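Q: I'm new to this one and would like to walk through it slowly. Could we start with a single residue and work outwards?

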Amino acid sequence: MDHGSGAPDAGDTIQIGIAVDIPEPWGGTLTRRRLASGDLNTVPAHVTLLGPTEIPVSALPAVERHLVQVAAAHLPFTLHLRGTGTFRPVTQVVFVAVAAGISECELLAAAINAAPELQRELRFPYHPHVTVAQDVAPEALDQAYEDLADFSAMFEVEHFTLFSHSGEARFQPRRDFRLGG
């Protein structure tokens with residue numbers, strides 16, 4: 001808790017996430033489709049590189065230094081999103097598939113997760129994708145799957161973004177990290 005000094009207590013934490021945003025016009029289309037399914041998650045469409053992770057606020061500078069190094073060591077790449085997939089029955093998720101750029105996303109995610117502050121047990125193996133419906137009625141999952149079956153978008157990924165969440169609002173972009181330095 002902050003006692004007015006402007007400096008956080010040692011026990012203060014912040015939740016962060018790291019993702020590749022989906023640019024317009026595709027990002028808005030996918031975000032609106034997710035909302036139309038009844039999924040109330042208002043996070044803009046993205047490919048997750050590090051899911052929501054709680055860290056001490058005091059670790060944030062070290063994490064940001066690590067992310068600068070990760071970004072510098074990876075070149076920009078083309079990301080091609082095409083068609084839909086699902087994780088059902090394991091989880092109630094429908095997604096737009098990453099058709100090209102899979103290995104680049106996997107390498108980025110692994111490098112990001114190598115920071116001691118970010119290492120954690122993952123519930124599932126990393127699989128880059130863009131969630132378009134999650135934990136909604138089976139009919140809504142089916143409809144999202146069908147509606148986006150022919151979806152296709154191709155764009156250059158030149159940076160990834162660190163998002164943070166202090167518990168009062170949804171995740172907010174904190175800083176972009178440009179690939180290739």
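Q: Is Ala72 buried, exposed or partly exposed, and why?
A: This is a predicted model, and in it Ala72 counts as partly exposed because its relative accessible area is 43%, which lies between the 20% and 50% cut-offs.

Q: Where does Ala72 sit, and how far is its C-alpha atom from that of Phe177?
A: Ala72 belongs to helix 2, and its C-alpha atom is separated by 8.4 Å from that of Phe177, although the two residues are 105 apart along the chain.

Q: OK, what about the sheet, what is the strand order?
A: Four strands form an open sheet in the order 2-1-7-8, and their pairing is antiparallel. Strand 2 (46-56) and strand 8 (172-178) each have a single partner strand, so one side of each is left without a neighbour in the sheet. On average, neighbouring strands are turned by 25° against each other, direction ignored.

Q: How many bridges join strand 7 and strand 8?
A: Strand 7, residues 159-165, pairs with strand 8 over six bridges in the antiparallel sense, and Ser164 stands opposite Gln172 in strand 8.

Q: And which strands does helix 2 touch?
A: Helix 2 (residues 60-72) packs on the sheet and touches strand 1 (13-21), strand 2, strand 7 and strand 8, with its direction at about 40° to that of strand 8. Helix 3, residues 102-113, lies across strand 1, strand 2 and strand 7, and runs at about 5° to strand 2.

Q: Switching topic, what is the mean pLDDT, and where does it stay under 50?
A: The mean pLDDT of the protein chain is 89, with 90% of its residues at 70 or more, but it stays under 50 over residues 1-10. Where pLDDT is low, the predicted coordinates should not be read in detail.

Key
Residues are numbered from 1 along each chain as its sequence is written. This is a predicted model: local features need pLDDT of at least 70, side-chain atom pairs count only at pLDDT 80 or more; totals for chains, interfaces and linings use all residues. Side-chain values use heavy atoms; hydrogens and water are left out. Two strands pair if DSSP finds at least two bridges between them. Helices (H or I, at least four residues) and strands (E, at least two) are DSSP runs, numbered from the N terminus. Axes are lines fitted to C-alpha atoms, for helices over the stretch in contact, and angles run from 0 to 180 degrees between N-to-C directions. Contact means heavy atoms within 4.5 Å. pLDDT is the predictor's confidence in each residue, from 0 to 100. Buried means under 20% relative accessible area, exposed over 50%, partly exposed in between (1.4 Å probe, protein chains only).
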